[in-house]
Each structure stands twice: as structure tokens, then as C-alpha cells.
Amino acid sequence: MSIKAYGAHARDKSLEPMEITRRAPGARDVQIDIAYCGVCHSDLHTVRAEWAGTLFPCVPGHEIVGRVSAVGAHVTDHKIGDLVGVGCIVDSCQHCEECDSGLENYCDGMVGTYNGATPDAPGHTLGGYSQQIVVHERYVLRIHHPEAQLAAVAPLLCAGITTYSPLRHWQAGAGKKVGVVGIGGLGHMGIKIAHAMGAHVVAFTTSPSKRDAAKALGADETVVSCNADEMAAHVKSFDFILNTVAAPHNLDAYMTLLKRDGTMCLVGMPASPHPSPEVFHLIGKRRALAGSMIGGIPETQEMLDFCAEHGIVADIELIRADQINEAYERMVKGDVKYRFVIDSASLSASIPR
Ligand code: NAP
Ligand code: ZN
């Protein structure tokens with residue numbers, strides 16, 4: 001079936017309207033009419049080929065929410081009319097140790113929602129800046145938030161799980177002091193989730209204008225990271241720091257804020273490397289520098305349920321698909337509070353069936 005989408009034909013081209021095709025649902029496939037799709041900084045890194053290996057045409061988008069419009073004969077978990085979501089994963093090998101542990105995000109055969117290998121035309125996956133998607137039921141999540149919040153739920157599918165998973169893994173909670181670096185799409189979700197987990201949350205920002213906003217998101221304290229005195233006040237005090245920054249920067253400024261056995265987890269994926277951290281800062285206090293990639297499917301469902309229970313959604317700016325190029329320019333400048341979400345109805349007034 002041919003549907004409308006928004007994507008780029010080359011790394012130096014703007015995103016533009018295009019027609020793409022989706023496969024007819026197979027026995028275990030779910031067909032979803034997309035209502036909204038969040039705009040992640042990874043979309044921008046990919047479509048501009050800032051990371052290696054972008055395949056064109058590129059239709060980004062992996063924060064997808066919508067309604068089930070068809071199911072295959074053997075689908076058991078979803079039915080027509082259900083509100084569902086799809087995040088960054090649309091397939092995996094389904095038999096390795098990672099998949100058996102519900103950690104499909106670490107499967108070597110994981111297929112990303114866009115730019116991943118698929119037998120479907122054009123040979124790589126095309127994402128959620130589109131009217132419809134067809135996904136194996138294993139990778140489709142149930143949404144229990146009220147329907148009125150659906151647009152603001154979309155960013156949970158990547159920004160939500162990418163921050164929830166490391167916060168859970170490193171046991172953010174009552175009695176823990178947790179830092180969140182960068183108040184963008186990921187960072188603002190990290191603040192909300194860490195706060196809901198019961199941690200004492202300190203937000204780090206390069207933007208003084210976000211100081212008050214961070215408190216409204218749930219931060220107990222905010223530090224403007226270029227202020228040396230404000231940084232010095234937190235030396236050797238953190239159990240855990242979640243670093244979401246999308247650009248190379250001095251990691252030592254944060255490593256020294258960890259107490260003994262503290263960990264800083266990187267989730268930001270800049271196009272060029274950070275300067276290497278000073279080993280003496282690691283060794284001297286048995287500190288750890290770690291990384292984390294999105295989250296597995298069971299944990300993504302757990303995160304959606306946790307957020308529904310705690311009334312957590314993203315703070316969003318709803319845009320039309322034809323505003324996406326301008327939205328990218330603003331995202332590069334850190335000028336978004338805190339996630340753009342595309343209203344898929346703007347792709348066309350009516351969704352073809
Ligand atoms: P975003 O909305 O653009 O937020 C990034 C924030 O980092 C900015 O708002 C800004 O916050 C801060 N920042 C400080 N200096 C910066 C600079 N020079 N350039 C850009 N940002 C700077 O991006 P996002 O969607 O949250 O994504 C953040 C990063 O995580 C990206 O690299 C993305 O590819 C990556 N990511 C990783 C995973 C994973 O699985 N690990 C998943 C999704 C995304 P302040 O104004 O507060 O300083
Ligand atoms: Zn993402």
C-alpha cells in the first residue's frame with residue numbers, strides 16, 4: 001500500500017513529502033494508523049548522515065503512537081482500535097541470549113525502526129514520519145494513558161525508555177542523588193522519571209533560561225554548567241549521573257562530581273568523540289563511565305505503565321510535517337521545550353485504507 005511520508009533523498013537535502021509503501025500485514029503483524037510521531041535528535045543525526053551508514057531515502061521517526069487498523073491472523077496481544085506505540089525497534093533475531101532476556105535492544109540482529117535491514121522496499125526500514133506502519137506484534141507496545149494525552153506520550157517511546165532504563169539499572173530512587181545533564185528531549189524525561197522514582201534530582205544545563213523550567217519538571221536543584229562555583233558545590237556527591245548531551249564535551253567536569261563508586265552513564269551519541277576522561281578521576285574513587293542504549297521491549301512496556309501510573313508525559317510542541325526542517329534547526333540550537341511531535345494528520349486529511 002502506498003502512503004504519504006516525510007523524508008530526505010540525500011544527506012544535504014531538506015526533508016520533503018514522499019510516497020512510500022508498506023507491506024500487507026503478515027500473520028503476526030500489526031498495522032498501525034500513526035497519530036503522532038516525536039522528533040528525536042537521533043533522527044537529525046541520521047538524516048544528515050552525521051553517523052556512518054545512513055541509507056536514502058531516509059524517513060526518520062521512532063516515537064510512534066497510533067491506533068491499530070489491521071492485525072494478522074495469529075496476532076494475540078493487539079486488536080483493531082487499540083492505542084499502541086512503536087519505539088526504536090521493529091525486529092530482532094528473537095532467539096539469542098539478549099532476545100530471550102527481553103533485551104532486544106542489545107541483540108546483534110536488532111532492526112531499527114528506520115535505516116534497518118528489511119526485505120521490504122526499498123530494502124531498509126522507513127520510520128514514523130508517515131501515515132502508517134506495519135510491525136511484528138512483539139515490538140508493539142500497549143498505551144494506557146488517556147487518549148487526550150496521546151501526542152505527549154509519543155516521546156516516551158524513545159526519550160522515555162532511553163532514560164528510564166539506565167535510571168532503573170543503576171537503581172535511582174529514594175536516598176540517591178542523581179544528576180541529569182542536558183535538558184532536551186531525553187534530559188527532560190530523565191528529570192521527570194528520576195523524580196518519580198524518588199531520587200534527589202539535580203539538572204545540569206548550558207542554558208540559564210532553563211533554570212526555573214527544570215524545577216517545574218521535577219529537579220530539586222539546577223546547575224548552570226559553565227558556572228564553576230555552582231559545579232564545585234557538588235564535587236564528590238552524586239551516586240549516578242545520566243548524560244544526554246548530543247555534542248562532544250569535557251566529561252571530567254562531571255566525573256569529578258561522582259562520589260566513590262558513582263557511575264556516569266552516557267546516552268547522548270555525538271557525531272564526534274568526547275575528549276577522553278582523565279583516568280585518575282576514575283581510579284581515585286573507583287568511579288565508572290558507562291553507556292546505555294534505549295531499552296528492551298518488556299522494559300519499554302514497564303516504563304509506559306510506570307509513566308501512566310505517575311501521570312508522566314513529555315512537554316511537547318506539536319508541529320505539522322512541513323515544519324520539520326525548521327524544527328531541526330531549532331533542535332540544533334537547543335531551542336525546544338522539550339520535544340517536537342509531528343501531528344500525522346498534517347501528512348494528509350484522510351488516511352488511505
Ligand atoms: P536534544 O533534545 O537536542 O537535547 C540535547 C540537549 O543537550 C540540549 O537541549 C542541550 O541542553 C544539551 N547540550 C549542551 N550542549 C550541547 C551542544 N553543544 N549541542 C547539542 N546539545 C547540547 O537531543 P535528544 O533528542 O535529547 O538526544 C540527545 C542525544 O541522545 C543525541 O545524541 C541522540 O542521538 C542520543 N540518543 C541516544 C539514545 C540511546 O539509546 N543511547 C536514544 C535516543 C537519543 P541544555 O540546553 O540544557 O544544555
Ligand atoms: Zn530516539
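User: What makes the backbone of isoleucine 183 a polar contact of ligand 1?

Analyst: This is a predicted model, so every value here is computed from it. A backbone N or O atom of isoleucine 183 sits 2.8 Å from an oxygen atom of ligand 1. The cut-off for a pair of N or O atoms is within 3.5 Å, so the pair counts as a polar contact. The backbone of glycine 185 also has an N or O atom 2.8 Å from an oxygen atom of the ligand.

User: Which part of threonine 206 reaches ligand 1?

Analyst: A polar side-chain atom, 2.6 Å from an oxygen atom of ligand 1. As for cover, the protein hides 89% of the 920 Å² of accessible area that ligand 1 has on its own. Two elements, α1 and α5 (185–197), each give two or more residues to the shell around the ligand. The largest share, three residues, is from α1.

User: How many residues surround ligand 1, and which are the closest?

Analyst: There are 28 of them, with His41, Thr205, Thr206, Ser207 and Arg339 the closest. Sorted by type, the shell has 13 nonpolar, 13 polar and two charged residues.

User: How do you know which atoms are donors of the zinc ion (ligand 2)?

Analyst: Cys40 (SG), His62 (NE2) and Cys158 (SG) lie at 2.0 to 2.2 Å from the zinc ion. Donors are N, O and S atoms within 2.8 Å of the metal, so these three atoms qualify. Along the chain, the donors are spaced as C-x21-H-x95-C. Cysteine 40 is in the loop between β3 (29–38) and α1 (41–47), while histidine 62 is in the loop between α1 and β4, 22 residues apart. Both cysteine 40 and histidine 62 are buried.

User: Why is the pair of arginine 67 and glutamate 147 called a salt bridge?

Analyst: Their side chains meet at 2.7 Å, N to O. The limit is within 4 Å, from a side-chain nitrogen of Lys or Arg to a carboxyl oxygen of Asp or Glu, so the pair passes. Arginine 67 is in strand β4 (residues 64–71) and glutamate 147 is in the loop between β9 (141–142) and α3 (150–153), so the bridge ties together parts 80 residues apart in sequence.

User: Are those two residues buried or exposed?

Analyst: Neither word fits. Arginine 67 has a relative accessible area of 33%, and glutamate 147 has 48%. Buried needs under 20% and exposed over 50%, so both are called partly exposed.

User: What makes glutamate 104 buried, and what is arginine 138 called?

Analyst: Glutamate 104 has a relative accessible area of 2%. The cut-off is under 20%, so glutamate 104 is buried. Arginine 138, at 25%, counts as partly exposed. Their side chains meet in a salt bridge of 2.9 Å, N to O. Glutamate 104 is in the loop between α2 (97–100) and β7 (111–112) and arginine 138 in the loop between β8 (132–136) and β9, so the pair ties together parts 34 residues apart in sequence.

User: How many salt bridges does the whole structure hold?

Analyst: A search finds 18. One of them joins the side chains of arginine 330 and aspartate 335 at 3.0 Å, N to O. Aspartate 335 is partly exposed, at 36% relative accessibility. Elsewhere, salt bridges link Arg23, Asp29 and Asp120 in a network.

Methods. Residues numbered from 1 in each chain as written. Chains lettered and ligands numbered in written order. Predicted model: local features only at pLDDT ≥ 70, side-chain atom pairs only at ≥ 80, totals over all residues. Heavy atoms only, no water. Helix = DSSP H or I, 4+ residues; strand = E, 2+ residues; numbered from the N terminus. Buried < 20%, exposed > 50% of the residue type's maximum accessible area, 1.4 Å probe, protein only. Donors = N, O, S within 2.8 Å, 3.2 Å for Na, K, Ca; no water. Near = heavy atom within 4 Å. Polar contact = N/O pair within 3.5 Å; in protein donor to acceptor, adjacent residues only side chain to side chain. Areas by Shrake-Rupley, 256 points an atom, 1.4 Å probe, with all protein chains shown as cover. Nonpolar A, V, L, I, M, F, W, Y, C, P; charged D, E, K, R; others polar.
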